[in-house]
Amino acid sequence: MTGFAIEIRERYQDVAGDRWPAAVDPQPDELLSSWLHRLAIANGVAPRSFAGGLGLGGGMWSPRLDARLPEDVAAWLGIRTGVACEAISAMAMTDGALAPLWLPLRETARRSRSTWIQYCAVCLADDSAPYFRRSWRLASRISCFTHRCGLRDRCPACRAGIVPFAQTELVPQYVCVRCGFDLRGAAKISVGLAARRLERSIDDICKAEIAKGSPTIHEWVARLLRVPVVVGVVGAGRPLTSLPASARIRCFEQLAQRADDERVVAADRAVPRRCRIAATTGGRDGLITRFADFLDAHQRSPRFARAQPPGVDLAALLAAYGCAVRRGSRSTRRGADDGARKSLAT
């Protein structure tokens, strides 16, 4: 009778080293939690169980790392994945200036409240490896700049929030944990052109002010949080971060419409010249100016009133940004800009 030959071989840990079997490259603007979910699935571990491997507790373990990534965890992940620690840290929400605009961490949110992450179904469908973007965590983002459609913050089938960190199966993160709906199949949400232009202008201003380290960014963010009070949408007693995606879309559409209404702007007698500039120049910079005028006229809500830092002038900031936009325009627009300046001189 032939027996089995037993031979002692190398241990798996000695052969594989410190690296995990599967490596996942971060994608442009990918959120850290999104990368962690994809990393877990690639290595055959469900995201909820993966938290234990990282020595973390349950619940919203990966979104918490988005907000605060300890250096030792980043270094440990770098060793196991071969991804540079700098690249891992860059996926976290490290920009403190915009922290008040991050959507709050809510594992179970009512329909009248915001959830922690948004998504564009078309982006997820177009991605070779679907992932969630860092920009989708900002309450000031209501649409996809690429596909020009509104962002969602819930599953359209069961209306539950997006909770891939709670997934107990080897299922991609674009599949709803609650009902199994494929989020890539969600219908596109329409957002008005004026609201999208306003949103893009706000995003540009935030990036410009952060890049130059301007202290005015904090007052700018504070005013954005008070936008629901200005327009009086449902839930107007709460800041922008507390509203669901659908309510924030309505908020921006109403703000763009009312900021573009000359009767509303003209009611503020302190800014007649900026009114004329906005009506003459048009385009994004004109919209920015009208937006500044409208906020200047309505920002004094007693609910959110607070002392402003000395030297902060949002109107001046927006006017300067509008000038920068005009100066940076392509040569094909110079003739139109020259004509606008001539009309202003008269």
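**Exercise 1. Salt bridges**

Determine how many salt bridges the predicted model contains, and examine the pair Arg 141 and Glu 199.

*Solution.*
Step 1. In this predicted model, the count comes to 10 salt bridges. A pair qualifies when a side-chain nitrogen of Lys or Arg lies within 4 Å of a carboxyl oxygen of Asp or Glu.
Step 2. The side chains of Arg 141 and Glu 199 satisfy this rule, with an N to O distance of 3.4 Å.
Step 3. Arg 141 belongs to the loop between helix 7 (121-126) and helix 8, while Glu 199 belongs to helix 8, so the pair ties together parts that are 58 residues apart in sequence.
Step 4. Both Arg 141 and Glu 199 are buried.

**Exercise 2. Pairs within one helix**

Compare the burial of the partners in the salt bridge of Lys 207 with Asp 203, then do the same for Glu 219 and Arg 223.

*Solution.*
Step 1. The closest N and O atoms of Lys 207 and Asp 203 are 3.1 Å apart. These two residues are 4 residues apart in helix 8, and therefore separated by about one helical turn.
Step 2. The general principle is that an α-helix has 3.6 residues a turn, so residues three or four places apart point the same way.
Step 3. Lys 207 has 53% relative accessibility and counts as exposed, whereas Asp 203, at 10%, counts as buried.
Step 4. Glu 219 and Arg 223 form a salt bridge at 3.4 Å, N to O. Both lie in helix 9 (residues 216-225), 4 residues apart, or about one turn of the helix.
Step 5. Glu 219 and Arg 223 are both buried. Salt bridges with shared partners join Glu 219, Arg 223 and Arg 226 into one network.

**Exercise 3. A charged residue without a salt bridge**

Which side chain of opposite charge is nearest to the buried residue Arg 196, and how far away is it?

*Solution.*
Step 1. Arg 196 is located in helix 8 (residues 193-211).
Step 2. The nearest side chain of opposite charge is that of Glu 199, 6.8 Å away, and Arg 196 has no salt bridge. The cut-off for a salt bridge is 4 Å.
Step 3. A polar atom of the Arg 196 side chain does lie 3.2 Å from the backbone oxygen of Val 191.
Step 4. Not counting residues up to four places away in sequence, Arg 196 touches Ser 143, Arg 148 and Val 191.

**Exercise 4. The surroundings of helix 2**

Is helix 2 (residues 32-42) largely enclosed or largely open?

*Solution.*
Step 1. Among the buried residues of helix 2 are Leu 32, Trp 35, His 37 and Arg 38.
Step 2. In total, 9 of the 11 residues of helix 2 are buried, so the helix is largely enclosed by the rest of the structure.
Step 3. The cover over these buried residues includes helix 3 (47-53), helix 4 (61-67), helix 5 (71-81) and helix 6 (85-90).
Step 4. Just after helix 2, Gly 44 adopts a positive phi of about 75°.

**Exercise 5. The largest nonpolar core**

Identify the residues that touch the most other members of the largest nonpolar core.

*Solution.*
Step 1. This core has 75 residues, and those touching the most other members are Leu 32, Trp 35, Ile 88, Tyr 119 and Trp 136.
Step 2. Helix 11 (residues 245-259) gives the most to this core, with 6 residues.
Step 3. Leaving aside neighbours within four places in sequence, the contacts of Tyr 119 include Phe 132, Trp 136, Leu 151 and Ile 162.
Step 4. For the chain as a whole, buried residues make up 47% of the 346 residues, and the secondary structure comes to 16 helices and 0 strands.

Definitions and conventions
Residues numbered from 1 in each chain as written. Predicted model: local features only at pLDDT ≥ 70, side-chain atom pairs only at ≥ 80, totals over all residues. Heavy atoms only, no water. Core = buried A, V, L, I, M, F, W, Y, C linked by side-chain atoms within 4.5 Å. Buried < 20%, exposed > 50% of the residue type's maximum accessible area, 1.4 Å probe, protein only. Contact = heavy atoms within 4.5 Å. Lys, Arg positive; Asp, Glu negative; His and termini not counted. Polar contact = N/O pair within 3.5 Å; in protein donor to acceptor, adjacent residues only side chain to side chain.
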